Each structure stands twice: as C-alpha cells, then as structure tokens.
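Subject: The structure I promised you

Hello,

Here is the structure we talked about, with my notes below it. Have a look at it first if you like, and then read on.

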Amino acid sequence: MSGKADPRPAGDGTTSRARLDRGRSALGPALELVHTGRAPTRAVLTAELGVTRATAGAVAAELEALGLIRVDAHPGAAAGSQGRPSHRLEVAAEGPVALAAQVHADGFRAALVGLGGRIVATTPSCETVDADPAKVLGAAVDAGVELLRATGLPCVGAGLAVPSAVTEPEGLALNPLHLAWPVGAPVREVFAERIRAAGFTGPAFVGNDVNLAALAEHRHGAGRGARDLLCVATGHRGVGGALVLDGRLHTGSSGLALEVGHLTVNPEGRPCHCGSRGCLDVEADPLALLTAAGREPGPEGSLLQQADELIREEYGDPVVRTAAELLVDRLGLGLAGLVNILNPDRIILGGLHRTLLDADPHRLRAVVADRSLWGRSGGVPILACSLDHNSLVGAAELAWQPVLDDPLGALRPV
C-alpha cells in the first residue's frame, strides 16, 4: 500500500460528477415535474424525487445545460417567508420545440410547442382539406417547417392529431368519417415520410385528436391532478372521447378505445355515418345545434365557430335556447352512461360542449346526476377544457415524450 497522497486537488468536480451519476436516472422524472408545473422550485423537486438537495441541484443543472429548463441563479425570498429561498425552475423560453399539426373537417393548422405545453408559434387555420391525405399532411408539414425557419429553434420531433381512431401499432386512420380520406389511410407512415422529406430526422407520431386533447389537459389544463379523467368533446364535426386512467392515456389493445361518439342517445334520431341512428356523434355536434335551431350553415367560418357564436350571441332567443337544451340533454344522457361504466373522478368538456357547459352549467350537471348511479351519490365534477388548441398541444406531447423519458438519450445520442 502506497503512502503517497492523492494527487487530485480538493473540489475537482469528482463529487459533483458522482452526484450527477446517482441522479441521472432522475433526469426524466425531474423534467416531467417541471414540464407539468409540479416542481416550480428546486426544493419541491428535491421532495418529489426523494433525493438529496445536492443531487437535485446536479439534476437541475444538467437539464439546464441541455437547454431544457432555466434555474433562477439568484432566488429572492418571498415577502414574509423565513429560511433560505429556493431556486425557481421553469422551462427554457428559447429551448427546443416540437412541431405539431392538427387536421379536422374544416381545415388544418400547424404549430410549434415548447415544454410546459407552451405554444411558441402557430399558423392560421387553413380551410381546405384535400381528399388525398398526403397532400394535406404535406401542406401541414410545410407550414410547420416555415415556422421553424422563422424562429430558428431546434425541433425534437413531430406529432399529428387527426379526427379518427388511429390503430396501433400500424398508425392507420380507421374511421376518418368527417374527412374524404379512405378508411385505413396510413397517416403515420405518410406523416413520417413528409417529415423526413423536409430534412428532419426526429421521430413522428400520430394520434386521435380527442385523445391528444385529453393528454394535454391532464398535463397542463383542467384535468391536472385527476387520476381517472374522462374527456368528451365536439370539434368541427362529430363527438369524440378519451380516458386517462391512473395518469396514463387509455387507448385500448389496439388504439381504438372509447369511441363515445357512437353511443346511441336517441334511438329514433338522425342517421349516423357509422350506419346506426341517433348516435352522440350526430345528436350533439355543431351541425346538430344549427339544425335544431333552424339555422343553415353559412359559408363564413367553420361549423364550430358558427355554433359557438350562436350560443354566445343569441342564447336569449327561445328557439336557440331550446335547441341548446336539447343538445345538453342528449349529451348528459351519454355522459351518464359513461359515468356508470367508467366511474371517473372528473369530466372535462371541449369544443362546443365547453360552450354549452358555460351557457348553462346547472342543467348538464343535473342531467348527469339524475341519470347516473354514481352521480346521485355525490356527483362527478364537470369542467370546461382550459387550453386553447389542446389537440395541438397533445400532438406535441407525443413528440416530447421520448425527451421526457430520457433527456440525455434523446438530445445527446451516442
């Protein structure tokens, strides 16, 4: 055994590197905590991760070095507080983004979305949807690429939201009922090809628009903190649903779970695209409201915009109110059935359903409580979705997930 002293000087970084090595497995969980707003300070991060302050500091510093978060270097104590102030953590304003796109019956839109669900830039909504998916997705990708060029921000990947169930693992649009696309269109393959053709090597993902809206709302909006979250929404056409169970999006064995639009709520009702009659899809969407109110859809604006404006501007008209109440009753019947089956701890509503809830929150909640077994025993909170463009944010969440899972592996590949 040698009696020579260790030639390395004290404070050479060995200790800090060891702390970082111990905390490297915590990088993903730490980033997700900041991303979802659950760790606004380093003290909260330390407690949530169950690590030492030194390890939490090393993890936060590594995430900052990756350009993902910002650590407040000079924290100030809040007024009236005691003890050492904690460093505040927030997502990096100039950090990387995900390219997100959404296609719906009345058009498509592209956006850049950063961590925290923050929309950095968005294109105007295009009001033309070609019958060829490749043309639409190509145009959406081109619009997103223009945003990337204009901002100069790095891109971690791309996500697409479509108004159809998307099969797993194939990525086929199984039922694009409100688009002129063929059944089973290979949207994931086409989207990925267009991304590669644009010169990007990041991953490309596709999901159902309401599923992605639910994911975004659960992480950043009205669904935050719910364990079992039911989301029901009507966008431009039709009605969709999604379920987050124990914090994870439930898509079923092959991506086709929770097609709530095809619950029958009026057996003698309108014929549905699926071949049945009186489905929620045709009894509680924007066209159903306009029809019930005796209004012909106009050429200006989407069906969703026209229906929203009708409620907000003419709800005092007895004909409009009666039409809205009819939709609320149909929607409440569908929600009550879902509550009996799923027993969620929260329901959130998007699109026109959010507008109907805002217009008369008591009627919808009363219908659900009266028709559902669990509703009678205390009621299920029914809230409006709170995020603008939540399907776009959800599409971006798909692209961000590999980074949340493994920040170093995703951003510094070996």
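I will begin with the sheet in which the strands run in the order β10-β9-β8-β11-β12: this is an open sheet of five strands, and its pairing is mixed. At its edges stand β10 (248-250) and β12 (382-384), each of which pairs on one side only. Direction ignored, neighbouring strands here are turned by 30° against each other on average. Please keep in mind throughout that this is a predicted model.

Strand β9 (240-245) is a good place to look closely. Its pairing with β8 (228-234) is antiparallel and consists of six bridges, one of which makes Leu245 in β9 the partner of Asp228. With β10, β9 pairs in the antiparallel sense as well, over three bridges, and there Leu243 stands opposite His250. How much of β9 is buried? Five of its six residues are, so the strand is largely enclosed by the rest of the structure.

Both hairpins that involve β9 contain a residue with positive phi. Between β8 and β9 there are five residues, and Gly238 in that hairpin has a phi near 75°. The hairpin of β9 and β10 has two residues between its strands, and here Asp246 takes a positive phi near 55°.

Next, the helix that lies over this sheet. Helix α11 (318-342) lies across β8, β9 and β11 (346-351), and runs at about 155° to β8. It also meets helix α12 (352-359): the two axes come within 11 Å and cross at roughly 110°. Angles of 65 to 115 degrees count as roughly perpendicular, and α11 and α12 are therefore roughly perpendicular to each other. On the α11 side the contact is made by Ala324, Leu327, Val328 and Leu331, and on the α12 side by Leu352, His353 and Leu356. By type, the residues of this contact divide into six nonpolar, one polar and no charged.

One residue I looked at in this part of the chain is Val380, in the loop between α14 (373-376) and β12. Is Val380 buried or exposed? Its relative accessibility is 15%, so Val380 counts as buried, the limit being under 20%. Leaving aside neighbours within four places in sequence, its contacts are Val339, Pro344, Asp345, Arg346 and Ile347. The C-alpha atom of Val380 is separated by 8.5 Å from that of Val368, which is 12 residues away along the chain.

Now to the other sheet I noted. It is also open and has five strands with mixed pairing, in the order β5-β4-β3-β6-β7. Why does one side of β5 (119-122) and of β7 (204-208) lack a neighbour in the sheet? Both strands stand at the edges and have a single partner strand each, so one side is left free of a neighbour. From one strand to the next, the twist averages 25°.

Within this sheet, β3 (97-104) and β6 (155-162) run parallel and are joined by five bridges. Gln102 has Ala161 in β6 as its bridge partner. Two helices lie across these strands. Helix α5 (133-151) lies across β3, β4 (107-113), β5 and β6, at about 30° to β4. Helix α7 (209-220) lies across β3, β6 and β7, and its direction is at about 100° to β7.

Finally, please look at His178, which is found in the loop between β6 and α6 (187-197). With a relative accessible area of 18%, His178 is buried. Which side chain makes a polar contact with the side chain of His178? That of Asp281 does, at 3.2 Å. Not counting residues up to four places away in sequence, His178 touches Ala105, Arg237, Gly238, His273 and Asp281. Gly238 among these is the residue with positive phi in the hairpin of β8 and β9, so you will come across it twice when you go through the model.

Best wishes

How values were computed:
Residues are numbered from 1 along each chain as its sequence is written. This is a predicted model: local features need pLDDT of at least 70, side-chain atom pairs count only at pLDDT 80 or more; totals for chains, interfaces and linings use all residues. Side-chain values use heavy atoms; hydrogens and water are left out. Two strands pair if DSSP finds at least two bridges between them. Helices (H or I, at least four residues) and strands (E, at least two) are DSSP runs, numbered from the N terminus. Axes are lines fitted to C-alpha atoms, for helices over the stretch in contact, and angles run from 0 to 180 degrees between N-to-C directions. Contact means heavy atoms within 4.5 Å. Buried means under 20% relative accessible area, exposed over 50%, partly exposed in between (1.4 Å probe, protein chains only). A polar contact is a pair of N or O atoms within 3.5 Å; within protein, one must be able to donate a hydrogen and the other to accept it, and residues adjacent in sequence count only if both atoms are side-chain atoms. Angles under 35 degrees count as roughly parallel, over 145 as roughly antiparallel, 65 to 115 as roughly perpendicular and the rest as oblique. Ala, Val, Leu, Ile, Met, Phe, Trp, Tyr, Cys and Pro count as nonpolar, Asp, Glu, Lys and Arg as charged, and the others, Gly among them, as polar.
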